[in-house]
Amino acid sequence: MHPIRALRLLLPHLVLLAAATSCNAARTLPATITLPPGFSIAVYADNVPGARSMALGSRGTLFVGSRGEGKVYALMDRNGDQVADEVITIAKGLQMPNGVAFRNGSLYVAEVSRVLRYDAIEERLKNPPKPVVVNDSFPDKAHHGWKFIRFGPDGRLYVPVGAPCNVCEEKDPRFATIMRMNPDGTGLDIFANGVRNTVGFDWHPGTGELWFTDNGRDWLGNDIPPDELNRAPRPGLHFGFPYHHGRDIPDPEFGAKRNPDQFVAPEMELGPHVAALGMRFYTGTMFPERYRNQIFIAEHGSWNRSERIGYRVTLVRLEGNRAVSYEPFAEGWLDNDKVWGRPVDVQVMPDGSMLVSDDKAGAIYRISYRQQPLAHGAQ
């Protein structure tokens with residue numbers, strides 16, 4: 001049996017932050033979380049409604065976007081006890097502000113059709129400045145319009161534009177792409193094509209290449225197509241949508257229109273309809289060596305599959321610069337077909353722990369590792 005399935009960790013009664021105050025309240029989570037030996041999970045904050053993508057400020061502030069709630073939050077652990085002491089709503093009334101990114105003291109927030117910037121935000125968390133509109137030229141269609149954003153090693157802000165449909169050909173070349181622009185909003189161009197809907201990406205710490213998750217189309221059955229983990233070593237590549245899905249599945253409507261040799265196959269086929277969202281290379285030092293520079297993926301979970309799948313954090317292992325395996329890492333948000341939580345994003349912290357956001361429970365969890373003592377008599 002895989003060690004991930006061998007250990008059941010029951011989350012205990014934890015002292016949780018009930019609101020953005022100093023008042024704490026106890027709550028027991030309604031399920032168990034399965035982790036490999038040595039790992040544990042605790043609640044970092046449980047009062048972050050709709051918690052989605054995360055970004056870390058230079059002073060340790062955790063910024064968290066949302067979708068339907070229209071809010072952006074700032075979380076602080078002032079006591080250093082690995083629990084958020086305060087949660088502040090720094091923006092509200094926005095249109096699906098899923099994506100957040102931090103650079104040079106400023107917080108960037110992505111709405112459907114524009115990117116905003118809040119300058120010197122960590123100095124003014126309780127009195128945020130009026131945002132600067134960085135770029136408001138993105139399409140305004142809400143279908144797959146929420147965005148994950150992040151600054152790349154080239155200093156540019158990467159901004160995806162999801163397909164405005166389940167599967168379609170769009171005349172507007174911006175749809176089903178990953179775009180990028182300068183921090184001031186200039187120089188907007190298309191980096192990658194044929195990307196149905198990515199809500200998570202990161203750059204390989206060694207090669208600097210972009211890796212990203214992509215959600216497969218719906219209504220081809222329970223088991224196809226897979227979600228994807230892709231690698232973009234250079235700009236200008238096409239990843240198949242809407243013509244081909246996974247490694248070898250032509251779309252029944254559009255597949256005959258393009259030769260599959262024109263497209264880049266995924267590095268790893270993920271589970272069908274798992275809704276693979278946020279992903280990170282693990283660059284910390286707390287976890288054992290075998291996890292370093294490997295990929296963690298938050299799987300939000302299926303919504304239209306007859307048997308639910310996902311609702312977990314998975315691990316993709318690499319050898320060199322190629323993905324070689326895909327396995328569960330943290331499971332339990334789906335408990336006997338009952339869904340009590342949906343992972344959205346992962347964030348590696350300075351101490352090497354990893355945070356996981358959950359928009360269904362409105363919570364942030366912290367996964368940490370501690371070396372297990374050897375059994376008596378073991379060598």
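Which residue lies over the face of Y243? Here are some notes to read alongside the predicted model, with that one picked up in point 4.

1. **The main core.** A good place to begin is the largest nonpolar core, which has 26 residues. Those with the most contacts inside it are F287, F296, V313, F329, W333 and I367. If you colour the model by element, look for β5 (39-45), β26 (295-299), β27 (312-319), β28 (322-331), β31 (343-348), β32 (354-358) and β33 (363-369), the elements that give two or more residues to this core. The largest share, four residues, comes from β33.

2. **An aromatic cluster.** Next, the rings. F39, Y282, F287, Y291, F296, F329 and Y369 form one aromatic cluster. Some of these names will be familiar: F287, F296 and F329 are also among the residues with the most contacts inside the largest nonpolar core.

3. **A pair across the chain.** Over the whole structure, a search finds 25 aromatic pairs. One of them is Y158 with F191, an edge-to-face pair with 5.4 Å from centre to centre and 75 degrees between the planes. This pair links distant parts of the chain, as Y158 belongs to strand β15 (residues 157-161) and F191 to strand β17 (residues 189-193), 33 residues apart. Are the two residues buried or exposed? Both Y158 and F191 are buried.

4. **Arginines over rings.** Back to the opening question: R258 is the residue over the face of Y243, at 4.9 Å from the ring centre. A second arginine worth a look is R103, whose charged end sits over the ring of F151, 5.5 Å from its centre.

5. **A five-stranded sheet.** The strands that carry Y158 and F191, β15 and β17, belong to an open sheet of five strands with mixed pairing, in the order β14-β15-β16-β17-β21. Why is one side of β14 and of β21 left without a neighbour in the sheet? β14 (150-151) and β21 (237-238) stand at the edges and each has a single partner strand, so one side of each has no neighbour there. Within the sheet, strand β16 (residues 177-181) pairs with β17 in the antiparallel sense over four bridges. To find your way along this pairing, note that T177 stands opposite N193 in β17.

6. **Two cis peptide bonds.** Most peptide bonds are trans, which makes the next two worth checking on screen. I224 and P225 are joined by a cis peptide bond with omega about -10 degrees, and P225 is found in the loop between β19 (210-214) and β20 (226-232). The peptide bond from F241 to P242 is cis as well, with omega near 0 degrees. P242 lies in the loop between β21 and β22 (244-245).

7. **Two positive phi values.** Most residues other than glycine have a negative phi. N104 has a positive phi, near 50 degrees, and its place is in the loop between β10 (99-103) and β11 (106-110). A275 also has a positive phi, near 60 degrees, and lies in the loop between β24 (268-272) and β25 (276-281). How do the two count, buried or exposed? N104 has 67% relative accessibility, over the 50% cut-off, and so counts as exposed. A275 has 13% relative accessibility, under the 20% cut-off, and therefore counts as buried.

Technical notes:
Residues are numbered from 1 along each chain as its sequence is written. This is a predicted model: local features need pLDDT of at least 70, side-chain atom pairs count only at pLDDT 80 or more; totals for chains, interfaces and linings use all residues. Side-chain values use heavy atoms; hydrogens and water are left out. A nonpolar core is a set of buried Ala, Val, Leu, Ile, Met, Phe, Trp, Tyr and Cys residues joined through side-chain atoms within 4.5 Å. Buried means under 20% relative accessible area, exposed over 50%, partly exposed in between (1.4 Å probe, protein chains only). Rings of Phe, Tyr and Trp (its six-membered ring) pair if their centres lie within 6.5 Å; planes under 30 degrees apart count as stacked, over 60 as edge-to-face and the rest as tilted. A charge sits over a ring if NZ of Lys or CZ of Arg is within 6 Å of the ring centre and within 35 degrees of the ring normal. Two strands pair if DSSP finds at least two bridges between them.
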